[in-house]
Amino acid sequence: MKLNIIKSCLLLFLGIVAISCDYDNFEEPKSTLSGRIVYEGEPLGLRSQGVQLELWQHGYDLFQKIPVYVAQDGTFSAVLFDGDYKMTLIRGNGPWLDRTDSIDVQVRGSQMIDVEVDPYYTVSEPTYTVNGSTMTVNFTVNGVNTNNALEFAGIYLGRTSLTDAVRNEGASIVAGGDITLGTPVSVDVPIPGGLAGRSDVYVRVGVKTIGIQEQLYSQVGNVGL
Amino acid sequence: MKIIKLYTLAAVMVGLLLTSCETDWLDREPTNILTDDQVWNDGNLVLGVISNYYDRLPAHTTLTGGWVDYAAYDEAMWSGYSGNDWLNNLVTYDYGRWGLWDYGFIRDINLAIDKLQELSELPEDQKNQFISELRFIRAYVYFEHVKRMGGVPIITEELIYDFSGDPSYLQFPRNKEEEVYDFIISEMEAILPTIGNGGSATRANRFTALSVISRAALYAGSLAKYNGQMPTPITLPGGEVGISPSRANEYFGKSLDASREILQQGGYSLYNANPDLGENFYEAIINKNGNPEVIWAQDFLIAADKRHGFTYDNIARSVREDNLGSSAITPSLNLVEDYEYLDGSSGELRTRTNDDSDYIYYDNVEDIFANKDARLYGTIIYPGASFRGQEVFMQAGVAVWNGSGYDLMESSGLGTEYSDGELFTAAGGPHRSIQEVTNTGFYLRKYVDNAAGASTRGIRSDVWWVRFRLAEIYLNGAEAAFELGESAEALGYINTLRVRAGFGANSLTSLTMEDIRHERRVELAFEDHVVWDYKRWRVAHEKWSGNTSNPESMIYSLYPYRVIRPGDARDGQYIFVKSVAPRFRAPRFFQLGNYYSLIGQNLIDANPKLVRNPFH
């Protein structure tokens with residue numbers, strides 16, 4: 001009997017050890033901040049991982065930014081703790097005028113925000129027509145802030161929706177001088193050999209402003225061949 | 001009783017022992033540290049301190065630190081240990097890459113200058129010479145900072161915290177970029193009369209200081225000029241980044257004056273001891289025996305156990321002496337083709353006939369490289385070139401004629417035999433996927449030691465790291481002169497260098513900026529220049545645009561194949577295939593935010609007066 005008492009005490013003790021602490025001392029963040037980069041209510045197409053937003057939270061010892069990358073369709077999201085944050089746009093990072101004021105963001109549970117920016121140029125929704133081994137692309141470039149000239153418009157073809165100036169299988173460039181703002185442009189683009197055998201390709205049009213690294217893109221179009 | 005007596009005796013003796021010591025028993029000179037008085041009053045100990053500082057000078061890619069990054073740009077790629085394949089797969093360069101904020105080192109230098117001034121009782125001229133040398137090192141460290149970070153706070157004295165709870169008087173804002181360059185140039189000018197060390201290639205002397213001016217003023221001048229020519233120049237409102245284009249000519253002038261003084265009065269000359277021009281160029285860098293070309297180097301010595309493993313890691317696979325390692329940095333075809341033919345034609349290798357209908361056939365693998373700039377041989381081991389007297393033969397596989405074309409076949413191993421009894425894939429590669437054998441079809445020669453045993457882990461190498469040599473001064477002089485409109489002088493400098501590379505006298509009759517940049521690339525490859533040159537010319541984001549369709553962003557390879565075509569005259573000859581190197585994955589991608597490196601948030605938190613660099 002004595003032995004049994006010791007054994008049961010041991011079991012009880014083990015049980016207490018097993019339940020007495022969690023693996024982790026901290027709750028993981030649960031609130032989601034999501035949003036879009038918009039101009040006149042429309043989300044802007046960008047290069048995946050090209051534009052970074054910064055979230056800062058004052059009042060704690062560790063003052064480090066939380067980088068938030070914007071996806072190619074102009075959306076972003078971050079999982080955060082509830083709290084008051086300031087969102088900043090890095091100067092010269094995106095294809096829009098610098099916005100030097102920070103944006104106050106209160107995160108209480110899930111939160112949606114639209115970040116309004118003032119782009120240099122926008123591209124209106126293009127249309128694509130396939131004729132054999134060429135594709136005819138119609139689009140219009142609109143000037144919003146034209147102090148910096150339009151360097152070129154590029155048409156990018158790729159095999160995934162992550163198609164942009166960096167990741168593509170074929171690109172055609174229309175020089176800025178050949179584009180009249182607000183007037184439709186029609187370009188015939190050869191479909192590169194590497195894409196010819198596919199049933200569909202992804203296409204988008206980007207506009208490049210002189211001196212700004214990132215381009216502003218149309219949303220990705222999926223075109224059947 | 002007897003025992004008690006004994007105890008008493010012992011107690012008395014112990015008591016005597018304890019009291020008999022000197023009174024200052026606890027008050028002694030430490031045997032394991034040197035005091036300030038000892039160090040700063042002994043010339044040899046001061047020299048020891050300064051040697052330590054020379055050894056700590058920062059650099060991006062040298063033989064001992066950061067050399068893997070030679071494989072991160074367009075001169076070479078990584079073919080060594082496959083765990084380092086990230087170098088071939090850099091999606092973008094990190095904003096923090098090249099970052100440097102070594103105020104610990106600057107404080108050490110400032111402290112040393114203070115101690116020499118306040119404590120030392122060494123003879124005045126010896127003290128001045130040490131102080132000049134320390135100021136040289138400090139200015140050089142600031143140069144390493146400014147070329148990476150833009151303007152940084154110039155701190156020239158020891159900062160001491162008073163524990164008052166308010167550190168703001170220790171927080172200095174960033175100086176302007178041009179102020180830092182001005183500081184470097186004026187410090188170097190100030191120490192010229194007192195630095196001494198004439199004739200030394202490892203301690204700084206008058207001409208070393210002038211060499212730093214030659215390089216730093218050229219950087220400042222081209223930053224001023226080419227940043228100003230960007231569609232939107234990279235600047236910060238406080239001038240921490242961005243130099244006014246109006247100052248470009250002033251800087252170019254300073255650089256040119258310094259270069260002229262070195263060329264005319266320095267007593268240096270281009271190394272020309274070996275009549276074999278290719279070997280001569282190789283020796284010009286690694287020969288430590290009275291080399292007239294080297295101005296400033298970081299030396300190593302096996303006898304003193306100061307050595308490095310650069311040769312072990314980078315020697316060509318087929319001549320390695322160890323059972324592991326080798327072939328880490330392998331030069332790209334891009335760089336090989338930058339070496340011109342001696343008749344002045346473009347260096348593009350001729351692998352296909354003019355109408356692109358067939359391969360060009362060569363009797364020997366090395367024939368395709370005949371009549372090239374001798375610096376190709378001196379920098380790179382190409383197929384069929386020799387190293388340490390052994391031929392480094394390379395063959396990727398065989399090209400079997402099938403009646404209408406060639407089937408290119410490669411072996412899965414090295415040093416294998418094809419079914420016809422002849423060689424299949426050479427012991428030296430190239431190979432598509434095996435690690436520690438070249439993936440590009442080339443090996444590195446520059447800085448790889450040809451001494452016996454140097455590629456073993458037991459012996460290693462003591463080849464020195466050349467920080468400045470006369471050829472760079474010629475190039476700096478040519479560039480500055482050209483920027484100032486003195487093309488005749490620039491042309492003379494460039495042609496001098498080309499004569500040593502095997503071109504005839506006056507091989508160029510006119511000059512463009514592109515010629516000068518090209519000459520710089522082929523002369524100074526693997527000497528820690530390419531990144532800084534591309535940055536100051538503001539071309540890095542165009543050269544490395546991250547686009548697979550931009551050949552300058554990609555790394556290309558050249559694979560030789562032996563032709564199998566029985567009964568044909570071409571049987572047994574060699575053809576060459578150019579392609580993107582198989583282990584190379586992501587095009588080089590340099591963003592505008594890479595022109596100046598990230599200042600960490602921890603630094604900004606500690607000193608809120610620091611402003612962030614553009615695009616960060």
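This report describes chain B of a predicted model, from its overall make-up to two helix contacts and two loop residues.

## Confidence and overall make-up

The structure is a predicted model, with an ipTM of 0.74 and a pTM of 0.87. Within chain B the mean pLDDT is 92, and 97% of the residues of chain B reach 70 or more.

Chain B has 616 residues, of which 45% count as buried, and its secondary structure comes to 18 helices and twelve strands. Taken along the principal axes, the C-alpha atoms of chain B fill a box of roughly 115 × 80 × 50 Å. When contacts in chain B are restricted to residues at least 6 apart in sequence, 70% of those contacts join residues at least 24 apart.

## The contact between the chains

Chain B and chain A each appear in the contact between them, with 14 residues from chain B and 14 residues from chain A. On the side of chain B that touches chain A, the residues divide by class into six nonpolar, seven polar and one charged.

## Helix 6 against helix 7

Helix 6 of chain B, residues 177-191, and helix 7 of chain B, residues 206-228, have axes that come within 9 Å and cross at roughly 160°. Because angles over 145 degrees count as roughly antiparallel, that crossing makes helix 6 of chain B roughly antiparallel to helix 7 of chain B. The crossing of these two helices is left-handed.

From helix 6 of chain B the contact is made by E178(B), Y181(B), I184(B), I185(B), M188(B) and I191(B), and from helix 7 of chain B by A209(B), V212(B), I213(B), A216(B), A217(B) and A220(B). By class, the residues of this contact comprise eleven nonpolar, no polar and one charged.

## Helix 5 against helix 7

Helix 7 of chain B also has a crossing with helix 5 of chain B, residues 124-149, where the axes come within 11 Å and the angle is roughly 20°. Helix 5 of chain B and helix 7 of chain B are therefore roughly parallel to each other, and their crossing is left-handed.

In this contact F136(B), Y140(B), F143(B) and K147(B) of helix 5 of chain B meet A209(B), V212(B), A216(B) and Y219(B) of helix 7 of chain B. The contact of helix 5 of chain B with helix 7 of chain B has seven nonpolar residues, no polar residues and one charged residue. A209(B), V212(B) and A216(B) are among the residues of helix 7 of chain B that take part in the contact with helix 6 of chain B, and they are also among those that meet helix 5 of chain B.

## Two loop residues

H529(B) is found in the loop between helix 15 (513-523) and helix 16 (530-536) of chain B, and counts as partly exposed because it has 19 C-beta neighbours inside 10 Å, where 20 or more would make a residue buried. Not counting residues up to four places away in sequence, H529(B) touches R520(B) and L524(B). H529(B) and H60(B) are 469 residues apart in sequence, yet 9.4 Å apart in space, C-alpha to C-alpha.

A505(B) lies in the loop between helix 14 (487-500) and helix 15 of chain B, and counts as exposed because it has 8 C-beta neighbours inside 10 Å. Leaving aside neighbours within four places in sequence, A505(B) is in contact with N495(B) and V499(B). A505(B) and N495(B) are ten residues apart in sequence and 6.8 Å apart in space, C-alpha to C-alpha.

How values were computed:
Residues numbered from 1 in each chain as written. Chains lettered and ligands numbered in written order. Predicted model: local features only at pLDDT ≥ 70, side-chain atom pairs only at ≥ 80, totals over all residues. Axes fitted to C-alpha atoms, helices over the stretch in contact; angles between N-to-C directions. Helix = DSSP H or I, 4+ residues; strand = E, 2+ residues; numbered from the N terminus. Parallel < 35°, antiparallel > 145°, perpendicular 65-115°, else oblique. Left-handed = near helix turned anticlockwise from the far one by under 90°. Contact = placed C-beta atoms within 7 Å. Nonpolar A, V, L, I, M, F, W, Y, C, P; charged D, E, K, R; others polar. pLDDT = per-residue confidence, 0-100. Buried ≥ 20, exposed ≤ 12 C-beta atoms within 10 Å, placed from the backbone.
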